[in-house]
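Here is a short briefing on internal space and nonpolar packing. Look over the model first, then read the points below.

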Amino acid sequence: VTLMSVAIITLVVNVALALRRVPKRDVIWAAIATGLTFLSITLIAGALLAGNLEQGYLGVWRVRVLTMHLHMALLGWVFVMIIGISHRLLPMFLLAHNTNTKWTRRALALTATGVPLLAIGLVSPPTLPYVPISWIGATLIEAGIGCFLTQAVLFFRSRKRPKLDAGLRHAATAVGFLLIAALLAPFVLAGGIAHRHLDIVYMLIGLLGGISLYVTGQFYKIVPFLAWMARFKDDMGRKPVPMIAQLYSARVAHIDLALFISGIVGMAIGVIAREAIIVRVSACLFTIAVVLFASQMIRVAFGTSFGNAPSAGPPQSRILIR
């Protein structure tokens, strides 16, 4: 715990110092700054929970603090960062640069306002219900997620690239899972800890389907690009080089997407049906998908390209992100 805390503090300080030197403080800058703030609060809550394992001072508050800690991390840190980074990455990868981007600012403002309100409501004394402040915060977050989804749909609809590659298909699928998680959230908040199976399904869909799958999709776009730049940028115009999309297998990427979807949906169904065998088999499918994804990233970093490298054409045609 101490090493993790030191690592997070170092990250926060390092990025905060870098943000001070950024001249253009746009929505991406605001998202990163907001995310760092929520990450710091997440660290404090995590330290309280870690100490509680030894001292037990939280008592009946433990579940509420744990719930706040989890939502602060996933919504305040991870999702806010996704909002900001997607503002740059989605239009770049989709070639959708003429899209109305006002929804990103709305998503950030609503989410950044709703997360602390939800957190305060979740850690209220156990004798008090989760209303009204929890519901106010949840409503603002739901609206923020709606704005983010609207922005994502606008990017996908206005794209100049007609066919989605594996990475963008992962991201598009994650957006669908995020929508399902947002629809489940009010029922989870209303039911509280009395409906644990619904809570588990909510986390499976939101964490594994919405957040993890979205990050996986962005990895399929960013890692090959960085690897290509490191290995082939000096060869441009001198000899044939592979396209960025040839650094990994599109077929394997689509297989791992299918396994991700099957694993997540299967685990959710198994939890609802209370069938352990379905959960275990689905978890195995998800694990296989993770292994395939990891093998892809290792191949990108250290392996050779898939398919034949182009032998002609201007340099620009050989570095397209596909």
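In the counts for cavity linings, Ala, Val, Leu, Ile, Met, Phe, Trp, Tyr, Cys and Pro are nonpolar, Asp, Glu, Lys and Arg are charged, and the others, Gly among them, are polar. The model is predicted. A search of the whole structure turns up three cavities of 30 Å³ or more.

**Largest cavity**

- Its volume is about 50 Å³.
- The lining consists of Ile 83, Ser 86, His 87, Leu 90, Trp 103, Thr 104, Ala 107, Phe 148, Gln 151, Ala 152 and Phe 155.
- Helix H3 (62-94), helix H4 (102-122) and helix H5 (133-157) are the elements that give two or more residues to this lining.
- Seven of the lining residues of the largest cavity are nonpolar and four are polar, with no charged residue.

**Second largest cavity**

- The second largest cavity holds about 40 Å³ of space.
- Phe 79, Ile 82, Phe 148, Ala 174, Val 175, Leu 178, Gly 210, Ile 211 and Tyr 214 line the second largest cavity.
- At least two lining residues come from each of H3, helix H6 (166-191) and helix H7 (196-232).
- This lining has eight nonpolar residues, one polar and no charged.
- Phe 148 lines the largest cavity and also the second largest.

**Nonpolar cores**

- The largest nonpolar core contains 69 residues.
- Phe 79, Leu 90, Leu 94, Ile 145, Phe 148, Ile 205 and Tyr 214 have the most contacts inside that core.
- H3 supplies the largest share of the core, 13 residues.
- A second, separate core has 13 residues, including Tyr 220, Phe 232, Leu 247 and Met 297.
- Tyr 214 belongs to the largest core and lines the second largest cavity.
- Beyond residues up to four places away in sequence, Tyr 214 touches Ile 82, Ser 86, Leu 90, Phe 148, Ala 171, Ala 174 and Val 175.

**Helix H3**

- H3 has a kink of about 45 degrees, centred on Ser 86.
- Ser 86 is also one of the residues lining the largest cavity, and Tyr 214 touches Ser 86.
- Leu 95, just after H3, takes a positive phi of about 55 degrees.

**His 71**

- His 71 sits in helix H3.
- Is His 71 buried or exposed? His 71 counts as buried because its relative accessibility is 16%, and the cut-off for buried is under 20%.
- Apart from neighbours within four places in sequence, His 71 is in contact with Gly 76, Leu 118, Leu 122 and Tyr 202.

Methods:
Residues numbered from 1 in each chain as written. Predicted model: local features only at pLDDT ≥ 70, side-chain atom pairs only at ≥ 80, totals over all residues. Heavy atoms only, no water. 1 Å grid on protein atoms, 1.4 Å probe; cavity = no way out; pocket = protein on both sides within 12 Å on 5 of 7 lines; lining within 4 Å. Points joined across faces, edges and corners; volume = space filled by probe spheres on them. Helix = DSSP H or I, 4+ residues; strand = E, 2+ residues; numbered from the N terminus. Core = buried A, V, L, I, M, F, W, Y, C linked by side-chain atoms within 4.5 Å. Buried < 20%, exposed > 50% of the residue type's maximum accessible area, 1.4 Å probe, protein only. Contact = heavy atoms within 4.5 Å. Bend = angle between axes of the 7 residues up to and from the residue.
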